[in-house]
Amino acid sequence: MARSRKQRKHLIKEMASERICRLFELAEEEFSTHPERSFRYAALARKLGMRYRVSIPRKYRQKVCRSCNSYLVPGSTCRVRLQKNNICITCLKCGRIMRYPYKR
């Protein structure tokens, strides 16, 4: 018997979220040898999330620049600074500043 449409949709979203996590793992592994490849993996993961309406986990979401889709690694592709109530991450490729609040 064929699966219902709701079940298929759930399976597709689950596969997309697994693939997003795998792409970020690959980006982390490949960054030291092939940074361009890790940028591509991050861009693909964002595209998958938008296409299948799957939210990217928070730990991965903060590792991608929203404007240029580059993979952010502190010290090489981004600068991280602590301000009063925010963590400021500056993309060194496009200059975008992302601020995330934190509690003491």
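**Exercise 1.** Identify the residue of strand 3 that is the bridge partner of Asn86, and describe how strand 2 and strand 3 pair.

*Solution.* In strand 3, Pro101 is the bridge partner of Asn86. The structure under study is a predicted model. Strand 3 covers residues 97-101, and its pairing with strand 2 is antiparallel and extends over 5 bridges. Another pair to locate is Ile89 with its bridge partner in strand 3, Met98. The two strands form a hairpin with 5 residues between them, where Gly95 takes a positive phi near 90°.

**Exercise 2.** Describe the pairing of strand 1 with strand 2, and name the residue of strand 2 that stands opposite Val80.

*Solution.* Begin with the limits of the elements: strand 1 comprises residues 78-82 and strand 2 residues 86-91. The sense of their pairing is antiparallel, and 5 bridges are involved. Next, consider individual pairs. Cys78 has Cys91 in strand 2 as its bridge partner, while Val80 stands opposite Ile89. Finally, turn to the connection: strand 1 and strand 2 form a hairpin, with 3 residues between them.

**Exercise 3.** State the strand order of the sheet, and determine which strands lie at its edges.

*Solution.* The sheet is open, has 3 strands, and follows the order 1-2-3 with antiparallel pairing. Strand 1 and strand 3 each pair on one side only and are the edge strands. On average, neighbouring strands of this sheet are turned by 20° against each other, direction ignored. As background, side chains in a regular strand alternate between the two faces of the sheet.

**Exercise 4.** Decide whether helix 1 and helix 2 are roughly parallel or roughly antiparallel, and describe the contact between them.

*Solution.* Two packed helices are described by the angle between their axes and the distance between the axes. Helix 1 spans residues 5-30 and helix 2 residues 35-52; the two pack at an angle of about 165°, with axes 8 Å apart. An angle over 145 degrees counts as roughly antiparallel, and therefore helix 1 is roughly antiparallel to helix 2. Their crossing is left-handed. Among the contact residues, helix 1 contributes Ile12, Ala16, Leu23 and Phe24, and helix 2 contributes Tyr41, Leu44, Leu48 and Tyr52. The residues of this contact divide into 14 nonpolar, 2 polar and 4 charged.

**Exercise 5.** State how many salt bridges the whole structure contains, and examine the salt bridge of Arg22 and Glu25.

*Solution.* Side chains of opposite charge can pair when their charged atoms come close. A search of the whole structure finds 3 salt bridges. In one of them, the side chains of Arg22 and Glu25 meet at 3.5 Å, N to O. Because the cut-off is 4 Å, this pair qualifies as a salt bridge. Arg22 and Glu25 both belong to helix 1 and lie 3 residues apart, about one turn of the helix.

**Exercise 6.** Give the order of the elements along the chain and the span of the C-alpha trace.

*Solution.* The chain has 3 helices and 3 strands. Read from the N terminus, the elements run α-α-α-β-β-β. Along its principal axes, the C-alpha trace of the chain spans about 55 × 35 × 20 Å.

Key
Residues numbered from 1 in each chain as written. Predicted model: local features only at pLDDT ≥ 70, side-chain atom pairs only at ≥ 80, totals over all residues. Heavy atoms only, no water. Axes fitted to C-alpha atoms, helices over the stretch in contact; angles between N-to-C directions. Helix = DSSP H or I, 4+ residues; strand = E, 2+ residues; numbered from the N terminus. Parallel < 35°, antiparallel > 145°, perpendicular 65-115°, else oblique. Left-handed = near helix turned anticlockwise from the far one by under 90°. Contact = heavy atoms within 4.5 Å. Nonpolar A, V, L, I, M, F, W, Y, C, P; charged D, E, K, R; others polar. Pairing = 2+ DSSP bridges.
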